[in-house]
Amino acid sequence: GSASARQEFITRFHSVSDADPGYLFLSESFVAPFDGNGTDTVRFGDTVAPDGMTDTYTAWYTELGVSAGTAVFAMNGGVIMDTGYDPFFGNYIVIGHGSGVQTWYGHLSSVSVRQGDVVSRGEMIGIAGNTGFASGNSLVLAASVCGRLVAPELLLEQVKSITHKNS
């Protein structure tokens, strides 16, 4: 269920976040992970109650509703630390940017990079989708700094064309 999928993700997060590419890729500011419009369906820090579930939790990610087939871009340069499938995040990618900074991209319908690849800021890394515990076509983002989850929006140069569901 949802609770065990969340726990599996947290275990995966801790194993990957302990690694660091050992090289600083952060020469430029972060950019939005997709072009066009999106709606944040869950914001970092929101209380979330999955459909049909009685348990709630605090979101450690931001989920953005996007159109099917939306290209997903690396928010900054880095090395692909991990890719795969997670019951909660679905198909996912983890980019290590150096200095303990990582970005996580999930719910992807396809992944176009492999572990060990070096990517540039703005490079296409996958396609948004509906895998894992997605609430429809979406991109789920998580970010960590020195092993602590932070709101991915804090890394962005600007958050353009993203509107909150309650706005």
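Three short exercises on this predicted model follow, each with a worked solution.

Residues are numbered from 1 along each chain as its sequence is written. In this predicted model, local features need pLDDT of at least 70, side-chain atom pairs count only at pLDDT 80 or more, totals for chains, interfaces and linings use all residues, and side-chain values use heavy atoms, without hydrogens and water.

**Exercise 1.** State the secondary structure of the chain and the share of its residues that count as buried.

Solution. Start with the elements: helices are DSSP runs of H or I with at least four residues, strands are runs of E with at least two, and both are numbered from the N terminus. The chain has 1 helix and 13 strands. Next, burial: buried means under 20% relative accessible area, exposed over 50%, partly exposed in between (1.4 Å probe, protein chains only). Of 167 residues, 49% are buried.

**Exercise 2.** Place I95 and describe its surroundings.

Solution. Find the strand: I95 sits in β7, residues 90-98. Check the cover: relative accessibility is 0%, so I95 is buried. Then list partners, with contact meaning heavy atoms within 4.5 Å. Beyond neighbours within four places in sequence, I95 touches several residues, including A74, V79, Y105 and I125. Take V79: it is 16 residues from I95 in sequence, yet 5.5 Å away, C-alpha to C-alpha.

**Exercise 3.** H107 and C146: which is buried and which is exposed?

Solution. Begin with H107, in strand β8 (residues 101-111). Its phi is near 65°, a positive value in a non-glycine residue. H107 is buried, because its relative accessible area is 2%. Turn to C146, in the loop between β11 (138-145) and β12 (148-150). C146 has a positive phi of about 55° and is not a glycine. C146 is exposed, because its relative accessible area is 61%.
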